[in-house]
Amino acid sequence: ADARSSVWITGAAKPPPWVAARLGVTPTVAPLPSLLVTRSSEPVVHARAPVLELPPPEVKIVSDRIAGDERHLKLRVTSPRAANLFWLALPAPRIAKVRLDGRVLPPPGIRHWGDTPGRHNRRRADPATFWTLEAPGIGPEGFELDLVLKGAKPLAIRICELTTGLPPSLASEHGPMPETLVPYDHGLSTLVARELSL
């Protein structure tokens, strides 16, 4: 959203014809850390796509105070597009404590996977650089992130949200998806990302 740029993305090393038609003759194979924020080092096949006016996720400061050499920052994250899956990346060296809707999450350096909203994802990013969060199953009210940060300087946040399906203006481009093609992982979806300094 910040750069007003869009890309088609696939994780398939050899995309099937229906997918390849969107990527063109010479797609790029490289990581997209500004979009796939919890998979920042994984290369993906991508190519330029039409830029659409899709509102990005919203991050509002609920409270912000300094206590000694720590900053206590409470954020409310919501989606104008009613997304139910969010990915966040924060600078790991700054993170002292994290709560997601009141639930304490593991600190940087601890690998943890759970089946509840707010999975702490250490597998898909550099743990020395980024603390990452995958938050699925989020409702229209969004979620609250309560952070205790080391130091008082602004916090850099990368956030991405996912909704199922393609935007209507693009869904029928190149014809309907063949019945023999089965989406996996997040299937056909639309991602909108932004970067903030709070």
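Colleague: Let's start small, in β3: which residue is the bridge partner of Thr28 there?
Modeller: Keep in mind that this is a predicted model. β2 and strand β3, residues 44-48, are paired in the antiparallel sense, and 3 bridges hold that pairing. For Thr28, the bridge partner in β3 is His46.

Colleague: OK, and that sheet as a whole: what is the order of its 3 strands?
Modeller: It's an open sheet with antiparallel pairing. The edge strands are β1 (7-10) and β2 (28-30), each pairing on one side only. On average, neighbouring strands here are turned by 35° against each other, direction ignored. Reading across the sheet, the order is β1-β3-β2.

Colleague: There's another open sheet, with 5 strands. Why is one side of β4 and of β8 left without a neighbour in it?
Modeller: The strand order of this sheet is β4-β5-β11-β7-β8, and the pairing is antiparallel. β4 (58-67) and β8 (103-104) stand at the edges, so one side of each has no neighbour in the sheet, and what each does have is a single partner strand.

Colleague: Let's walk across it from the β4 end. How many bridges join β4 to β5?
Modeller: These two run antiparallel. Within the pair, Ile66 stands opposite Arg71 in β5. The count of bridges joining β4 to β5 is 9.

Colleague: And the hairpin those two make: which residue takes a positive phi there?
Modeller: The hairpin of β4 and β5 has 2 residues between the strands. The phi in question is near 65°, and the residue that takes it is Gly68.

Colleague: Next pair along, then. Which residue in β11 does Leu73 stand opposite?
Modeller: Here we're looking at strand β5 (residues 70-78) and strand β11 (residues 143-150), which pair in the antiparallel sense over 8 bridges. Across from Leu73, in β11, is Leu147.

Colleague: Now β11 to β7: how many bridges do they pair over?
Modeller: The sense is antiparallel again. One opposed pair is Lys97 with Val148 in β11. For β7 and β11, the number of bridges is 5.

Colleague: Which leaves the far end. Which residue in β8 is the bridge partner of Arg99?
Modeller: Strand β7, residues 95-100, and β8 pair in the antiparallel sense over 2 bridges. The β8 partner of Arg99 is Val104.

Colleague: I keep looking at Trp87. Is it buried or exposed?
Modeller: Trp87 lies in strand β6, residues 85-91. The cut-off for buried is under 20% relative accessible area. The relative accessibility of Trp87 is 3%, so this residue counts as buried.

Colleague: What is the separation between the C-alpha atoms of Trp87 and Arg39?
Modeller: Along the chain, Trp87 and Arg39 are 48 residues apart. Leaving out residues up to four places away in sequence, Trp87 touches residues including Leu36, Val37, Thr38, Cys160, His186 and Leu191. Between the C-alpha atoms of Trp87 and Arg39, the separation is 9.5 Å.

Colleague: Zooming out: what share of contacts between residues at least 6 apart in sequence join residues at least 24 apart?
Modeller: The protein has 2 helices and 13 strands. Of its 198 residues, 39% are buried. As for the contacts you asked about, the share joining residues at least 24 apart is 73%.

Colleague: Last one, on the accessible surface: what percentage belongs to carbon and sulfur atoms?
Modeller: The accessible surface of the protein comes to about 10,600 Å². Of that area, carbon and sulfur atoms take 56%.

Terms used
Residues numbered from 1 in each chain as written. Predicted model: local features only at pLDDT ≥ 70, side-chain atom pairs only at ≥ 80, totals over all residues. Heavy atoms only, no water. Pairing = 2+ DSSP bridges. Helix = DSSP H or I, 4+ residues; strand = E, 2+ residues; numbered from the N terminus. Buried < 20%, exposed > 50% of the residue type's maximum accessible area, 1.4 Å probe, protein only. Contact = heavy atoms within 4.5 Å. Areas by Shrake-Rupley, 256 points an atom, 1.4 Å probe, with all protein chains shown as cover. Axes fitted to C-alpha atoms, helices over the stretch in contact; angles between N-to-C directions.
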